[in-house]
Amino acid sequence: MAEQPADKKFFENLSGAGKAIGVLTSGGDAQGMNAAVRAVVRMGIYVEAKVYFIYEGYQGMVDGGDNIVEVSWESVSSILQVGGTVIGSARCKEFRTREGRLKAACNLIQRGITNLCVIGGDGSLTGANLFREEWSGLLEELAQSGKIEEEAVKKYVYLNIVGMVGSIDNDFCGTDMTIGTDSALHRIIEVVDAIMTTAQSHQRTFVLEVMGRHCGYLALVSALACGADWVFIPEYPPEEGWEDQMCVKLSENRARKKRLNIIIVAEGAIDSHNKPITSEKVKDLVVQQLGFDTRVTILGHVQRGGTPSAFDRILASRMGVEAVLALLEATPDTPACVVSLSGNQAVRLPLMECVQMTQEVQKAMDERKFCEAVRLRGRSFENNLNTYKLLSHRKPDTELPKDDLSCSTNFNVAVLNVGAPAAGMNAAVRSAIRVGITEGHNMFAVIDGFEGFANGQIKEISWGDVGGWTGQGGSLLGTKRTLPAKYLEKIADQMRINNINALMVIGGFEAYLGLLELSAAREKYDEFCVPMVMVPATVSNNVPGSDFSIGADTALNTITDTCDRIKQSASGTKRRVFIIETMGGYCGYLANMGGLAAGADAAYIFEEKFDIRELQANVEHLTEKMKTSIQRGLVLRNENSNENYTTDFIYQLYSEEGKGVFDCRKNVLGHMQQGGAPSPFDRNFGTKISAKAVQWISKKLRETYRRGKVFANTEDSVCLLGMRRRNLLFQPVVELKDQADFVHRIPKEQWWLKLRPLMKILAKYKTSYDVSDSGQLEHVARHSPKEAETVAI
């Protein structure tokens, strides 16, 4: 192993030898729970701990016997893509009694289990914390009754608890996303997209009821992702007289030739008097007041079903590994913690702090303090709500802001797409246009990128023109890779002719290069002395200054779904290894994260050099694996990972070396990774990041407007808006030059490379894993309303 930097902390210093870890799932099931179980088992075995399945949740812990079973590496093979939970989940009244907890403690002690990993909701985790607090008393009582030895009381003196939140409702405070939420959104959006086609055919109104008895996250985000006309959630009831307001809005939309209306209702939706708003009530109201043909669809348990999304698999895998590390590091003084997601980081938070804040939300709603309830839900929820309010309703012209700087006309803002198409671009354009109009600007769409700009393909675009764009894949504006350098004079002419006061560019590395060229051209052309902002959108996720790009999540889901199908194609045949080539240019994000989500054995990327010795070692590793009960292998290769070790070369090498043990197949996924309807994450991310970008443009326009003209020539007036760790940040494009590898078109530092060892660990390789970012128990952040502006998506 290579020598490790002194300032880094690696988990080799931690040993689980002699420790026993029990893993259980409790409460409602959620997609991704199996990925979490798999990660706990494999990480536990990796650090030489014994790992036990506790079947049927707390009921299995109370009943003992065959419900608590030691497991092996192979026990969790092929469960990554399975929905629900393979170890079962059950409500358990008995565990709520001390007698039940005595039985559970006795069963754990018999197997030496003093480390529990609980995957469930707040009720399940609260129960685990109570169990931990009572542990020493329970052991003493068991010893007194002769059920365990006195030695056991001394040996197993304390119980460690680490929780992971599995809940499709995303109703647990302290984490941006709970395991299962993203997959549930996938199910909802699939239904909405399907319903939209039939609703449009018949000019229908559809009322969709989604889960969320106490939390409106699913309803709110799905409304944002599909551009719903109205949404009802428990945390933010509609104002008095909402019935008339909603009907006016629906009829206005229909008058604008919109052929369908979508209304989304959370099952726990209430009015301002805490009275339920049901989907049937909403339907009856629309029929009675407007006479529209209206249907109700209740999604129910469809939302809990199906395979987990790529996001949920990666999230659950990261959380599972982090949970095992937290258990190994725990001391008697360590409070029970829950592994959470903040931005793109896994963090540990005190369990009861999170539970307390979650309960405070419900208390605020019961007391009709709804603004407080929204604030307690966290920055992400609050930002979703504010963005939905911005985009859902077109203000009358009389209510639009008039510029307070005495300019005779409103500002003209142009939006264009640059580079290859990426799913979610259209959601970003729609958001930019509508927020711009709300801010009082005239919005212009540029067709076919910088080339179209030079040719004068510019048109003013209205609120209604972008209706229904969120669910459309590709780029409806058209996009080209052409850079502006050879068209500078023509583009400057078009900027002057159309009096463009600001520019928003949505795209990948070409968009970044384009803004650098326009910024440099300011010395020669005053027309480029206007605020310019870039929103990253590329499946490759290779833009410097942003951890995520619009389109990458959709591509990742395409890769993951394809890998699932490819692996399934080998079902019932002899042992087989698949070599799969992904896109991404020189950026290995898709190959690496796709490998983690699909359970790959290896992923070859440009950023981590490999040679023939490593290829040979991988083949030997797979050969040994195939001698067990595992029958399928998966190897991903980024398209430009190595110019000599091509996909064909790797396929032929594996085919030759695997003779007699396994056979080989190869697939090049190609442009299917750029196509398809955008995922909920990409729709939501594109919508929110674009809204924030346009608000920044408005601020810069006010700052740089002098004597009837906009003039901006400072570095901070040409920015890229990117997500960095936990926040959205505006960064001058010139300052990002040092962070970019222009030859290979990738950032010099990429956060996801830290996750690379995870895939290797879960594939049974010996490797080192940097845990310098983890291990610190944080406190639940409480923020003021102003802080919501720095929200992480």
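The following conversation concerns the cavities, a pocket, a hairpin and the cysteines of a predicted model.

Colleague: Let us begin with enclosed space. How many cavities of 30 Å³ or more does the structure hold?

Modeller: This predicted model holds three cavities of 30 Å³ or more.

Colleague: And what volume does the largest cavity have?

Modeller: The volume of the largest cavity is about 390 Å³. Its lining is made up of 29 residues. Nearest the centre of the largest cavity lie Phe-311, Leu-341, Phe-548, Asp-553 and Phe-681.

Colleague: Which elements give two or more residues to that lining?

Modeller: They are the helices H6 (181-202), H7 (217-226), H10 (310-329), H18 (552-569), H19 (589-598) and H22 (680-704). H10 gives the largest share of the lining, with five residues.

Colleague: How does the lining of the largest cavity divide by class?

Modeller: There are 19 nonpolar residues in the lining of the largest cavity, together with five polar and five charged ones.

Colleague: Turning to the pockets, how much space lies in the second largest pocket?

Modeller: The second largest pocket contains about 1,000 Å³ of space. The residues lining this pocket number 36, and Gly-27, Arg-91, Gly-121, Asp-122 and Gly-123 lie nearest the centre.

Colleague: Which helices each supply at least two residues there?

Modeller: Helix H4 (122-144) and helix H11 (351-366) each do so. By class, the lining of the second largest pocket has 14 polar, 11 nonpolar and 11 charged residues.

Colleague: A change of topic: how do strands S24 and S25 run, parallel or antiparallel?

Modeller: Strand S24 (residues 718-724) and strand S25 (residues 727-732) run antiparallel, joined by six bridges. Within this pairing, Gly-722 has Leu-729 in S25 as its bridge partner.

Colleague: What about the turn, and which residue takes a positive phi in that hairpin?

Modeller: Two residues lie between the strands of the hairpin, and Arg-725 takes a positive phi near 55°.

Colleague: Finally, the cysteines. How many disulfides does the structure hold?

Modeller: The structure holds zero disulfides.

Colleague: Why is Cys-173 not bonded to Cys-354?

Modeller: The closest cysteine sulfur to that of Cys-173 belongs to Cys-354, and because the two are 8.0 Å apart, they are too far for a bond. A disulfide would require the sulfur atoms to lie within 2.5 Å. Cys-173 is also buried, its relative accessible area being 2%.

Colleague: And Cys-247, what is the nearest cysteine sulfur to it?

Modeller: The nearest is the sulfur of Cys-226, 19 Å away, and Cys-247 is in no disulfide. Cys-247 is buried, with a relative accessible area of 3%.

How values were computed: Residues are numbered from 1 along each chain as its sequence is written. This is a predicted model: local features need pLDDT of at least 70, side-chain atom pairs count only at pLDDT 80 or more; totals for chains, interfaces and linings use all residues. Side-chain values use heavy atoms; hydrogens and water are left out. On a 1 Å grid over the protein atoms alone, a cavity is a set of points where a 1.4 Å probe fits but cannot get out, and a pocket is an open set with protein on both sides within 12 Å along at least five of seven lines; lining residues have an atom within 4 Å of a point. Grid points are joined across faces, edges and corners, and a volume is the space filled by probe spheres set on the points. Helices (H or I, at least four residues) and strands (E, at least two) are DSSP runs, numbered from the N terminus. Ala, Val, Leu, Ile, Met, Phe, Trp, Tyr, Cys and Pro count as nonpolar, Asp, Glu, Lys and Arg as charged, and the others, Gly among them, as polar. Two strands pair if DSSP finds at least two bridges between them. Buried means under 20% relative accessible area, exposed over 50%, partly exposed in between (1.4 Å probe, protein chains only).
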